[in-house]
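User: I am new to reading structures and would like to know how the usual labels are justified. Could you take me through this one, label by label?

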Amino acid sequence: MINLEIPKKLQQVGAMAHSVAEGMFRPISRKYDKFEHVYPSELDMLRSILQGMEDGGTGMGAEGLSQDKKSKSKSKSKDIKNGSNMAVVLNMMEICWGDSGLALTIPGQGLGNAAIAAVATSEQKKRFTGKWAAMAITEPDAGSDSASINATARLDGDEWVLNGEKIFVTCGERADLVVIWASLDKSLGRAAIKSFVVEKGTPGMKVTHLEKKLGIRASDTATIILDNCRIPRNNILGSESIDTKKSFAGVMQTFDNTRPVVAAMSVGVATAALDLTRELLNREGMRFNYRGTRFEISTIESEIYRMEADLEAARLLMFKAAWMADNGKPNSKEASMAKAKAGRVGNEITLRCVELCGSLGYSEDYLLEKWARDSKIFDIFEGTQQIQQLVVARRLLKKSSKDLK
Amino acid sequence: MELDTIMKKSMNVTLGLLSRVSGSERVKQWNLREPALNLVYQGMRHSVRAGNLVQSRFMAKKTLKPGEALAKSTKPKKDLFDLSLTREQQMVRDELIKFAKQEMRPLARDVENGIVPDNFFDQVNELGLALSGVPEAIEGAGTVRSPVSGVLMAEDMAYGDMSLALAALSPLGFVNTLTEFGSRDQQSQYLPAFTGEKFIAATIALMEPRARFNPNKLTTVAVPTNAGYRINGIKCMVPMGKKSEVMIVFALLPGHGNRGFIIESHHPGITTTLESNMGLSAAGMSRVVFEDVEVPKSALLGESEVHYSHQRMLDLAKIGVCALSLGTCQAVLDFVINYANERIAFGEPISNRQAVAFMIADMAIELESMRMLTYRAAGRAEQGLSFHREAYLAQMMCAQRTMQIGTNGVQILGGHGFVCEYPVELWYRQLRAIGILEGTLVV
């Protein structure tokens, strides 16, 4: 039965995350925007709170992100589920309402954790549990085109030897583990790309630079150099063999689960901006009650409703993608749709809110200008707007990456 | 009672006039050139039709008892976010999509002249769309109001052709309005006719012909009289207005806000003419003029039994119009996907180009956005939750994005999109109405 309301049980989870966002993130939001590269030690306390939430089964952790394989194999079971994927996006949305930079640097909640949760063996999961894992894909000459990465992995005895340079690694300095994408054989193209877990402090891996950024400054963004970095053979995620048909798709599958999460970040920040904008406009005597036809309300009222409609659409597309994952339905197209919509409207909304609030919007006295800077990244990382359009278009038009470049 | 007397009187007067003027056996040769005779003929036609209808079509065989009307809302069995259809909804959907593709789509171009073959309506009646909105106690198949099911039906029918969908669904809109706001007597009188073997046209008359029309500020006015109400005003874009045997007209009842009035179309003082519009000709969009139309007290929608909320009616109709836009936009999307994959330019399908492919991706993303907002509004209405904001936002988004999809549909076909050989220009014209229609299809 069609019902697009969030169930009470999840609402309570969201409300808890919202109060964390309000009580813990908002007060230090400006501070860590100013002091880029300083680790927000306030978050250590959060780590234990989150651990508690996770043990209680309502976690916001990246570990929750996975296609529900159980219901996939037992497709006879028609019981609809609202599971961990939905909980994760809801939590992320609420937390980012507080501060998205801080959300990205919550200990133990890295993108690498999502990759490990998705493909690690049970032995690996046990070994890496409780550790904070960053994800290193991008290189100076390979961004959206992640199939063309240059980092290499070579087997030498019982060890992999990694070489290469990774940039834009979120939590690259702070995480306990880094999941590195590297090629086993560059002549074999994307199929030879595998991911490897490197523990912090492994000789040969070095953080050489931290970026100064437009937004999400609370989150560290590192450059990592791998120089004959040796790791145990069983630190590879997934199989060692190169299957030209499947491998890369397997690696890319992680994105189906993480893209709705980035959509959630965007929705969270845009909601914050719209909430504050409404509040500031209320002080000027403006009321928003959805009365009046579209042709007689004021421009500013009309703008607010339009943004609300777009934001609501982005939020529902996000939940749809997560709901599909929870119910074992392939959601690659929907995940990209959610991220494309959320990425662009999130950015548009935060920028427009600055404009609508005028000098207050532009001032550092409020957080509107910060949100307008933060939001830009959500239309870029985990696949840019254009990459999402490409994914959606290829699915709709049934095109390969060769035909639709 | 009094109305009946008036009509019988006028019939007698007419027949009397007839025999005097015509001299009986020359009736056949009348060519009605003389104004006097024409007047007489029209008068008689009116009375005869009126007499027939009042006696036959809308009669209560049984009066709904309290508790037999449709339940106003249903709570989901489980408190879960869910996008799956119920089994019945899925069955209806399969059936309607088949009908849309096989029966409606091939007809869409032919009915642009406004003439819809009778057998189309026979087929529609067999589908039993209106039936689902009529309570079981009076021969219908419905147990509960379901705006979501209404949305799905409108979406699927509009996938075939929006114009025909509006025509086919006009009785459903009437039925829904009546089950939502009608008194038990009114439901008992009017609803059984929609469960029969014959398609009965019925409609809603809300819109008025002026720029910046506001459905909350109607200029059609109902003035209380001793016997009931006297209605004056002009309505436009009334789907199936000309063919409808009964309609609900919305007018300002001074002191009571906007109210609905159930009026059978033969009433003296009602003049209906077909409109010519940019599109939607098969929907039989009509202008209906009310000139001192006298209706009895019992015509007031809901009488004193049911609280009427004009806003609720408008919101349910906003959702209905959004639903229509979903179907037609899906038709555009599916069509351009095929076209872009087949059309070769510069040695390869144009869909190999990002400029084209991204337009199509965006159409799909925005359409899904529209769908989510529409479904959410309908879902809330069905569950008895407030849904004004959701319907308002859905309409806002659908009104705008629909036209974007319509215009890009033509754009992707280029010059071919501009000619009538392809359906995209037809959809373009139909979709322009989405931002305009109010009150047209109550789900």
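**Labels and the values behind them**

Analyst: Of the 405 residues in chain A, 53% count as buried. The model is a predicted one. In chain B, buried residues make up 50% of 443.

User: What makes a residue such as B:Asn226 exposed or buried?

Analyst: The cut-off for exposed is 12 or fewer other C-beta atoms within 10 Å. B:Asn226 has 6 C-beta neighbours inside 10 Å, so B:Asn226 counts as exposed. Its place is in the loop between strand E2 (221-224) and strand E3 (228-238) of chain B. The C-alpha atoms of B:Asn226 and B:Ser132 are separated by 37 Å, and the two residues are 94 apart along the chain.

User: Why is B:Glu68 called partly exposed?

Analyst: A residue is buried from 20 such atoms upward and exposed at 12 or fewer, with partly exposed in between. B:Glu68 has 15 other C-beta atoms within 10 Å, and therefore is partly exposed. This residue lies in the loop between helix H2 (35-55) and helix H3 (87-104) of chain B. Leaving aside neighbours within four places in sequence, B:Glu68 is in contact with B:Pro135 and B:Ala137. Its C-alpha atom and that of B:Ser298 are separated by 20 Å, with their positions 230 residues apart along the chain.

User: How do you know how compact chain A is?

Analyst: The radius of gyration of chain A is 21 Å, and the globule rule gives 22 Å for 405 residues; the two are close, so chain A is as compact as a globular protein of that length. Along its principal axes the C-alpha trace of chain A spans about 75 × 50 × 45 Å. Its secondary structure comes to 13 helices and eight strands. Among contacts in chain A between residues at least 6 apart in sequence, 76% join residues at least 24 apart.

User: What are the corresponding counts of helices and strands for chain B?

Analyst: Chain B has twelve helices and nine strands. For contacts between residues at least 6 apart in its sequence, 77% join residues at least 24 apart.

User: How do you know whether helix H9 of chain B has the span expected of it?

Analyst: Helix H9 (residues 354-382) of chain B has 29 residues, and at 1.5 Å a residue the expected span is 42 Å. From first C-alpha to last, H9(B) reaches 41 Å, which is close to that value. H9(B) is also mostly covered, with 26 of its 29 residues buried. Just after H9(B), B:Gly384 takes a positive phi of about 80°.

User: What makes a group of residues a nonpolar core?

Analyst: The members must be buried nonpolar residues joined through C-beta atoms within 7 Å. The largest such core has 218 residues, and those that touch the most other members are A:Val89, A:Met318, B:Ala154, B:Phe261, B:Ile319 and B:Ile360. Helix H8 (residues 310-342) of chain B gives the most to this core, with 17 residues. Leaving aside neighbours within four places in sequence, the contacts of B:Ile319 include B:Pro147, B:Val151, B:Thr374 and B:Val443. A second, separate core of 45 residues includes A:Ile116, A:Trp160, A:Val179 and A:Val197.

User: What do the two chains give to the contact between them?

Analyst: 38 residues of chain A are in contact with 38 residues of chain B. On the side of chain A, the elements that give two or more residues are helix H9 (299-326), helix H10 (332-356) and helix H13 (385-397). H9(A) has the largest share, eleven residues. By class, this side has 23 nonpolar, four polar and eleven charged residues.

User: Where are the domains of chain B, and how many residues are in contact between them?

Analyst: Chain B is divided into domain 1 (87-201) and domain 2 (310-431). Their C-alpha centres lie 22 Å apart. 20 residues of domain 1 are in contact with 20 residues of domain 2 in chain B. On the side of domain 1, helix H5 (147-160) and helix H6 (162-181) of chain B are the elements that give two or more residues. H5(B) gives the most, with ten residues.

Definitions and conventions:
Residues numbered from 1 in each chain as written. Chains lettered and ligands numbered in written order. Predicted model: local features only at pLDDT ≥ 70, side-chain atom pairs only at ≥ 80, totals over all residues. Domains from an automatic or database assignment. Contact = placed C-beta atoms within 7 Å. Helix = DSSP H or I, 4+ residues; strand = E, 2+ residues; numbered from the N terminus. Nonpolar A, V, L, I, M, F, W, Y, C, P; charged D, E, K, R; others polar. Expected span 1.5 Å × (residues − 1). Rg over C-alpha atoms; globule rule 2.2 N^0.38 Å.
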